[in-house]
Amino acid sequence: MEIPETPGRKPVIEIPLPKRLGILYSDVQRENFPTESQYITEKDAEADARIIAEYVQNMGIEVLLHAGNADLAGWLQQTSPEMVINLVDSIKGTESLASAIPGVLELLEIPYTGADMLGLALDTNKFVIKKLLQQNGVPVPHFQLFNTPEDYLDPELRFPLISKLNAIHGSVEITRDAVSENEKQLRKRLRYLIRTYKQPVLVEEFIGGRELTAIILHEKKKKVYLAEKIFTQPMGKYVFLTFEDQWLSENEAFHYIRYKDALLKEYVKKAFNVTRMGGYGKFDIRLDQSGRYFFIDSNCNPALGPKEMEVAISTILDLYGVSFTEILKYLLQCTIRSAQKKKKKDYLEQNGETRW
């Protein structure tokens, strides 16, 4: 099955779906998170996995669920799923440890959705991602990594500046206080973030203007779906989505509309490659008043779920007439094809073949 971007696109030949599938999710314990905010972003991990499991079961597939913890390897060997949907965002409250999950799956030769070890490891270092994008011609705001609150401030940075935790996603600590208009405010913000979360902070120039989101699905050909965020609530002086808007407010802060630009699609495809994403990914982009694009956030293995879960992938693809069941089917078939291709390549290499 191929998800069309326009009506009438000829579908590719379908391949059989797995009969037995595992869904892995974060093992969330409150004591593993330094703040309530970070805990909130993952506390529903198991419940969300069960919602996805219902959709998979409706496709006629047996589903097994398990947390991404120390018991995982033994459970996988006992249950032997044909493939896995990897939803694990953190291990023991640490996002960078989530890259261990693909490692376990690789050792056991179990195909899985999403990025591999390298892709997930890169995803939890926003500074490295920014460097990779910058050096490959993908536009990003001017930025600097702070390891201590007293680090030298690059004089080329222009206020206002926005501070982001380098290794944590989910808009954690993206509050109104995240934007600093002068060095005094910036130093105060850095002291709080570094002392609370014990990690570096990425500081970048705040880009005013329109905000766009790009979803990309990839197997042989990358498919990019663009949407613009239309903010529906008063945002104050600086317009951006805060942690409270995303996780705590009952009011709709924004909605999406379709967006089209061939140049931006090419940027997104390049960004997908250089950040080592796999299967699917998400980028947030700003469009300033001069018509320039700036990539402000990158997420491999972004939140997966149906439209009722209010996640970007299903909400945006729904604008293009693509259902969550179609997204799931596409991801599963892409994973199977990739596994088959890898197995064939390994076989030929073992038998002295270098071309195939």
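Mentor: Two strands pair if DSSP finds at least two bridges between them. Keep that in mind as we look at this predicted model.

Trainee: How do you know that β1 and β2 pair?

Mentor: Six bridges join strand β1 (residues 20-25) to β2. The cut-off is at least two bridges, so six is enough to call them paired. The two strands run parallel, and one of the bridges links L24 to its partner H66 in β2.

Trainee: Which strands make up the sheet, and in what order?

Mentor: The open sheet has three strands in the order β2-β1-β3, with parallel pairing.

Trainee: What makes β2 and β3 edge strands?

Mentor: Both β2 (62-67) and β3 (83-86) pair on one side only, and that earns each the name. From one strand to the next, the twist averages 25°.

Trainee: Which helix packs on this sheet?

Mentor: Helix α3 (residues 72-79) does, touching β1, β2 and β3. The direction of α3 makes about 165° with that of β2.

Trainee: Let's turn to K222. Where does K222 lie?

Mentor: K222 lies in strand β9, which covers residues 222-231.

Trainee: Why is K222 said to have no salt bridge?

Mentor: A salt bridge needs a Lys or Arg side-chain nitrogen within 4 Å of a carboxyl oxygen of Asp or Glu. For buried K222, the nearest side chain of opposite charge is E266, at 8.6 Å, so the criterion is not met.

Trainee: What does the side chain of K222 make a polar contact with?

Mentor: With the side chain of N273, at 3.2 Å. The limit is 3.5 Å, so that distance falls within it. Leaving out residues up to four places away in sequence, K222 touches I216, L217, K269, F272 and N273.

How values were computed. Residues numbered from 1 in each chain as written. Predicted model: local features only at pLDDT ≥ 70, side-chain atom pairs only at ≥ 80, totals over all residues. Heavy atoms only, no water. Helix = DSSP H or I, 4+ residues; strand = E, 2+ residues; numbered from the N terminus. Buried < 20%, exposed > 50% of the residue type's maximum accessible area, 1.4 Å probe, protein only. Lys, Arg positive; Asp, Glu negative; His and termini not counted. Polar contact = N/O pair within 3.5 Å; in protein donor to acceptor, adjacent residues only side chain to side chain. Contact = heavy atoms within 4.5 Å. Axes fitted to C-alpha atoms, helices over the stretch in contact; angles between N-to-C directions.
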